[in-house]
Amino acid sequence: QTCALPICIYAQMLPYCDVAHVTKIDFAYEADSHFPNLDEDDEWEITGESDEQTYFDLEYQFVKYERKK
């Protein structure tokens, strides 16, 4: 399988993870790779969320995902 290195590393390591702490940023950056969207993966569920926070004009939130058992 050929893919951009960061995407491959994320995809290859997720099967070994049971918990993922993700910072969601409310901004669409131009990038050549992104972390997999766990909201679209039936194997993961949100088990914790922070309130939305703001740093200057940037809004973000911390989200905890856990693999469903």
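A contact is taken here as a pair of heavy atoms within 4.5 Å. On that basis, 57% of the contacts in the chain with a separation of 6 or more come from residues 24 or more positions apart. The model is a predicted one, and its secondary structure comes to one helix and four strands, which follow the pattern α-β-β-β-β along the sequence. Of the 69 residues in the chain, 17% are buried. The accessible surface of the chain comes to about 5,900 Å², and carbon and sulfur atoms hold 50% of it.

The interior is a good place to begin. In soluble globular proteins, nonpolar side chains tend to be buried together. In this model, the largest nonpolar core has seven residues, namely Leu14, Ala20, Val22, Leu38, Trp44, Val63 and Tyr65. Strands β1 (19-25) and β4 (58-67) each supply at least two residues of this core. For Leu14, with residues up to four places away in sequence set aside, the contacts are Phe35, Pro36, Leu38, Trp44 and Arg67.

Tyr65 deserves a closer look. This residue sits in strand β4 and counts as buried because its relative accessibility is 2%, below the 20% cut-off. Beyond residues up to four places away in sequence, Tyr65 touches Asp18, Val19, Ala20, Val22, Lys24, Leu38, Asp39, Trp44, Glu45, Ile46 and Thr47. Two of these partners also appear in polar contacts with the tyrosine: the side chains of Tyr65 and Lys24 are joined at 3.0 Å, and the side chains of Tyr65 and Asp39 at 2.8 Å. Glu49 lies 16 residues from Tyr65 along the chain, and the C-alpha atoms of these two residues are separated by 9.0 Å.

The surface has its own nonpolar feature. Ile9, Tyr10, Met13, Tyr16 and Phe35 form a patch there, with about 540 Å² of accessible area together. One member, Tyr10, belongs to helix α1 (residues 5-13). Tyr10 is classed as partly exposed because its relative accessible area is 35%, a value between the 20% and 50% limits. Another member, Phe35, is among the residues that Leu14 touches, and Leu14 itself is part of the largest nonpolar core.

A final point concerns the backbone at Phe56. This residue lies in the loop between β3 (53-55) and β4. Its phi is near 55 degrees, a positive value in a residue other than glycine. Phe56 counts as exposed because its relative accessibility is 69%, over the 50% cut-off.

Conventions. Residues numbered from 1 in each chain as written. Predicted model: local features only at pLDDT ≥ 70, side-chain atom pairs only at ≥ 80, totals over all residues. Heavy atoms only, no water. Patch = residues over 30% accessible without salt bridge, like charges linked within 9 Å, V, L, I, M, F, W, Y side chains within 5 Å. Areas by Shrake-Rupley, 256 points an atom, 1.4 Å probe, with all protein chains shown as cover. Salt bridge = Lys/Arg side-chain N within 4 Å of Asp/Glu carboxyl O. Buried < 20%, exposed > 50% of the residue type's maximum accessible area, 1.4 Å probe, protein only. Core = buried A, V, L, I, M, F, W, Y, C linked by side-chain atoms within 4.5 Å. Polar contact = N/O pair within 3.5 Å; in protein donor to acceptor, adjacent residues only side chain to side chain.
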